[in-house]
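Biologist: I would like to learn how to read strands, sheets and chain contacts from a model. Could we go through them one by one?

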Amino acid sequence: MIDFLRGYEDYLGGWLWEMGIASLATLQLMFVSFWLACAIGMVAALIPMARIKSLNLLVKLYIGFFRGVPVLVILYWIYFALPEMGYEVLVVSSYTAAILGLGIHGGAFLAEIFRSGIESLHKGQMEAALSLGMTPAKAMAYIVLPQAIRVVLPPIANFAVGLLKETALCSIIAAPELMLRAKDLASSSFLPMHAFVMAAVFYYIMSFPLMRAVEYLEVKMGKGLRTG
Amino acid sequence: MKPLLRIVDLHKSFGTLEVLAGISIDVARGEKLSIIGPSGSGKTTLLRCINYLEKPTAGHIYVDDKLIGEKQVNGKFVHLSDRELAKERAEIGFVFQRFNLFPHLTALDNVSVAPRRVLGLEKRDAEERALAMLEKVGLAHKAGEYPERLSGGQQQRVAIARVLVMQPKLILLDEATSALDPELIGEVLKVIRELAEEGRTMIMVTHEIPFAEEISDRVIFMDDGKIVEEGPPHEIFSNPTHERTRVFLRQIIDR
């Protein structure tokens with residue numbers, strides 16, 4: 001153990017700095033793709049409620065497909081396969097590809113969470129809003145969604161924890177983030193174990209507050225909010 | 001005088017189950033109509049059809065001579081758009097059996113949300129009106145409370161205030177007291193009685209026979225999706241002509 005820790009002697013300062021910077025890049029990647037996933041997920045959850053058959057089918061295919069395919073495959077697709085197939089317009093930087101991949105994949109996941117949140121509400125809520133003269137859109141905006149958001153906050157925070165860890169996959173397409181930096185440091189120092197242990201610590205430090213947030217939200221949202 | 005509400009040969013089926021089998025009713029302005037009948041007789045469905053929470057399978061509904069839920073285009077009946085329908089619904093109040101207050105809003109916001117979002121009033125005006133309505137149902141002091149902190153009776157009174165604030169032409173009450181503990185029924189009936197005394201047009205589905213007898217101008221007894229008999233309350237309750245009405249009333253009173 002002592003021997004292992006000694007291995008860090010020459011590198012600790014530099015690694016802390018470099019991995020710290022890379023962690024910021026990981027957080028940025030996570031946040032941007034998180035919001036993209038939220039936006040896509042919300043749209044995909046609301047479209048079926050407009051009862052337009054063709055759009056509905058499209059959303060179903062999207063959710064079904066992306067939930068069933070590993071995010072790594074999607075990253076490869078976006079970064080390597082599509083440009084190779086001649087879609088040159090689709091050539092993007094590894095960073096953009098990472099955001100798109102995580103966002104599109106996550107959107108399918110969040111769509112299901114949003115949908116279940118909306119459906120968990122008693123239909124009396126929608127009916128009460130309609131009976132007061134709200135259009136379905138207004139009822140959704142002012143009555144149903146504000147309640148659904150509370151129901152889905154814990155699973156969304158859970159998704160965020162998962163997303164943070166999934167960003168590590170983006171190192172495969174060389175998107176700048178923590179895992180890529182750890183790999184670099186591992187190969188330049190010939191101390192892979194040391195580098196990846198340290199990366200694990202950095203990931204843990206980032207996900208810890210999120211995990212606490214999940215616990216907090218589960219307790220807080222669990223109580224109250226009964227529909228009469 | 002022209003009726004405020006006119007229901008013409010209304011039918012409603014859920015799949016093969018016929019719930020309303022041709023209902024026609026006229027309700028005069030200011031009239032208090034009670035609908036009684038065994039469960040499954042179609043009373044609630046009838047009420048829900050009037051503001052189009054259920055789409056009728058056939059038949060038409062008119063309020064103030066205006067078709068509800070549909071319009072005539074080149075002589076054909078077509079369903080209204082969401083926006084047109086919402087406008088009509090705003091004029092018809094609906095009090096639910098289970099209150100259906102919005103749990104994420106305070107009592108005041110429950111009442112002011114429709115004036116703000118439907119009528120487009122400023123927040124202050126809407127809240128002023130809402131507070132006046134809460135006052136009317138005796139709950140101004142609970143304006144800041146969330147529904148889950150209110151008793152069932154208080155929740156239902158807030159729900160009534162939420163309906164009144166929209167100044168509806170017609171108020172529909174769907175078993176407004178049957179989800180309440182017995183000791184809470186009185187406070188809600190008191191509010192409903194006050195509304196009746198103000199001359200509002202109301203249609204109540206109810207099991208509160210003495211109350212219905214006291215405040216209604218007319219009582220309808222429904223069974224199997226049809227109107228079995230109708231008349232002034234004292235006639236229906238003390239001297240019903242149909243055997244089915246008699247059996248039903250005996251069951252209710254023996255309860």
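Modeller: Start with a hairpin, in a model that is predicted. In the hairpin of β11(B) and β12(B), two residues lie between the strands, and Asp224(B) takes a positive phi near 55°.

Biologist: How many bridges do β11(B) and β12(B) share, and in which sense do they pair?

Modeller: The pairing of β11(B) and β12(B) is antiparallel, over five bridges. To read the register, take one residue and look for its partner across the ladder. For Val219(B), the bridge partner in β12(B) is Gly231(B).

Biologist: What strand order does the sheet with β11 and β12 of chain B have?

Modeller: A sheet is read by listing its strands from one side to the other. Here six strands of chain B form an open sheet, in the order β8-β9-β10-β3-β11-β12, with mixed pairing. β8 (92-95) and β12 (226-231) of chain B each have a single partner strand, so each is left with one side that has no neighbour in the sheet. On average, neighbouring strands of this sheet are turned by 20° against each other, direction ignored.

Biologist: Which way do β9 and β10 of chain B run, parallel or antiparallel?

Modeller: Strand β9 (residues 170-174) and strand β10 (residues 201-205) of chain B run parallel and are joined by five bridges. Leu172(B) is the residue to pick for the register, as it stands opposite Ile203(B) in β10(B).

Biologist: Which strands of this sheet does helix α5 of chain B touch?

Modeller: For a helix on a sheet, read the strands it touches and then the angle. Helix α5 (residues 152-164) of chain B packs on the sheet and touches β8 and β9 of chain B, its direction making about 175° with that of β8(B). Helix α9 (residues 243-254) of chain B lies across β3 (32-36), β11 (218-223) and β12 of chain B, and runs at about 100° to β11(B).

Biologist: Which strands form the open sheet of four in chain B?

Modeller: That sheet has the order β2-β1-β4-β5 in chain B, and its pairing is antiparallel. Its edge strands are β2 (17-27) and β5 (66-67) of chain B, each of which pairs on one side only. Within it, β1 (residues 5-14) and β4 (residues 58-63) of chain B pair in the antiparallel sense over five bridges. Arg6(B) stands opposite Tyr62(B) in β4(B). Helix α1 (residues 43-50) of chain B lies across β1, β2 and β4 of chain B and runs at about 120° to β1(B).

Biologist: How many residues lie between β6(B) and β7(B) in their hairpin?

Modeller: Two residues lie between β6(B) and β7(B), and Asn74(B) in the turn has a positive phi of about 50°. The strands, β6 (residues 70-73) and β7 (residues 76-79) of chain B, pair in the antiparallel sense over four bridges. Lys71(B) has Val78(B) in β7(B) as its bridge partner.

Biologist: What does chain A contain, helices or strands?

Modeller: Chain A has nine helices and zero strands. The box filled by its C-alpha atoms is roughly 70 × 50 × 25 Å along the principal axes.

Biologist: How many residues does each chain give to the contact?

Modeller: Read a contact by its residues, its area and its pairs. Chain A gives 25 residues and chain B gives 27 residues. About 2200 Å² is buried between chain A and chain B, with carbon and sulfur atoms giving 61% of that area. Six residue pairs are in polar contact between the two chains. On the side of chain A that touches chain B, the elements giving two or more residues are α6 (123-131) and α7 (136-166) of chain A. α6(A) gives the largest share, eight residues. By class, this side of chain A has ten nonpolar, ten polar and five charged residues.

Biologist: How many salt bridges are there between chain A and chain B?

Modeller: Side chains of opposite charge can pair when their charged atoms come close. The count between chain A and chain B is one salt bridge. Arg48(B) forms it with Glu127(A), and the closest N and O atoms are 2.6 Å apart. Glu127(A) also forms a salt bridge with Lys123(A), with the closest N and O atoms 3.7 Å apart. Lys123(A) and Glu127(A) are both in helix α6 of chain A, four residues apart, about one turn of the helix. Over all chains, the structure holds 27 salt bridges.

Conventions:
Residues are numbered from 1 along each chain as its sequence is written. Chains are lettered from A and ligands numbered from 1 in the order in which they are written. This is a predicted model: local features need pLDDT of at least 70, side-chain atom pairs count only at pLDDT 80 or more; totals for chains, interfaces and linings use all residues. Side-chain values use heavy atoms; hydrogens and water are left out. Two strands pair if DSSP finds at least two bridges between them. Contact means heavy atoms within 4.5 Å. Buried area is the accessible area (1.4 Å probe) that two parts lose on being put together, summed over both. A salt bridge is a side-chain nitrogen of Lys or Arg within 4 Å of a carboxyl oxygen of Asp or Glu. A polar contact is a pair of N or O atoms within 3.5 Å; within protein, one must be able to donate a hydrogen and the other to accept it, and residues adjacent in sequence count only if both atoms are side-chain atoms. Ala, Val, Leu, Ile, Met, Phe, Trp, Tyr, Cys and Pro count as nonpolar, Asp, Glu, Lys and Arg as charged, and the others, Gly among them, as polar. Axes are lines fitted to C-alpha atoms, for helices over the stretch in contact, and angles run from 0 to 180 degrees between N-to-C directions.
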